[in-house]
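Here is a short briefing to keep beside your viewer. Have a look at the model first, and then we can walk through it together.

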Amino acid sequence: MPLIYDTLDDDVAEYLKNNKHPPGVRWRRQLTENIGVRALVSRCYEVIGMSKTCVNMRELRDKVAQHYGRRMVQFSLPLPYPPPPNK
């Protein structure tokens, strides 16, 4: 869902943030016709359209970020090597 909700206009995102939903209720059910539904549906169709030109999720994330003026950042997480198998 970050591809959709993280790219919504600031006023819609602010409304969603200030009107937190009760546990178990999804954000889209909290939207009304006047605020957010059209933006949400439009954003879904835009992302679907972009996804048709991508070969993997990384490419889609990059395209969505670029289209909406954001930048994808990837963090590295160093993990220890697993112990060698017992012989």
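A residue is called buried when its relative accessible area is under 20%, exposed when that value is over 50%, and partly exposed in between. By that cut-off Arg43, at 10% relative accessibility, counts as buried. Please keep in mind that this is a predicted model. The chain has 87 residues, 21% of which count as buried.

**Overall layout**
- The secondary structure consists of 4 helices and 0 strands, giving the pattern α-α-α-α along the sequence.
- Among contacts with a separation of 6 or more, 40% are between residues 24 or more positions apart.
- About 7400 Å² of the chain's surface is accessible, and carbon and sulfur atoms contribute 56% of this area.

**Arg43 and its surroundings**
- Arg43 sits in helix H3, which spans residues 37–51.
- Beyond residues up to four places away in sequence, Arg43 touches Ile4, Thr7, Leu8, Asp9 and Tyr68.
- The side chains of Arg43 and Tyr68 share a polar contact of 3.1 Å.
- Arg43 also forms a salt bridge with Glu46, with 3.3 Å between the closest N and O atoms.
- These two partners are about one helical turn apart, because they are 3 residues from each other in helix H3.
- Glu46 is partly exposed at 30% relative accessible area, whereas Arg43 is buried at 10%.

**The nonpolar core**
- The largest nonpolar core has 12 residues, including Leu3, Ile4, Leu8, Leu40, Val47, Leu60, Val64 and Tyr68.
- Helix H1 (2–5), H3 and helix H4 (57–67) are the elements that each give two or more residues to this core.
- Tyr68, one of the core residues, is in contact with Thr7, Arg43, Glu46 and Met50 when neighbours within four places in sequence are left aside.

**Salt bridges in helix H4**
- The whole structure holds 3 salt bridges. One of them joins Arg58 and Asp62 at 3.7 Å, N to O, and another joins Glu59 and Lys63 at 3.8 Å.
- Arg58 and Asp62 are 4 residues apart in helix H4, so about one helical turn separates them.
- Glu59 and Lys63 are likewise 4 residues apart in helix H4, which means a separation of about one helical turn.
- Arg58 is partly exposed at 33%, as is Asp62 at 32%.
- Glu59, at 26%, is partly exposed, and so is Lys63, at 29%.

**A nonpolar surface patch**
- Val41, Tyr45 and Ile48 make up a nonpolar patch on the surface, together offering about 310 Å² of accessible area.
- Ile48 belongs to helix H3 and is partly exposed, with a relative accessible area of 43%.

Note on methods:
Residues numbered from 1 in each chain as written. Predicted model: local features only at pLDDT ≥ 70, side-chain atom pairs only at ≥ 80, totals over all residues. Heavy atoms only, no water. Buried < 20%, exposed > 50% of the residue type's maximum accessible area, 1.4 Å probe, protein only. Polar contact = N/O pair within 3.5 Å; in protein donor to acceptor, adjacent residues only side chain to side chain. Contact = heavy atoms within 4.5 Å. Areas by Shrake-Rupley, 256 points an atom, 1.4 Å probe, with all protein chains shown as cover. Core = buried A, V, L, I, M, F, W, Y, C linked by side-chain atoms within 4.5 Å. Patch = residues over 30% accessible without salt bridge, like charges linked within 9 Å, V, L, I, M, F, W, Y side chains within 5 Å. Salt bridge = Lys/Arg side-chain N within 4 Å of Asp/Glu carboxyl O.
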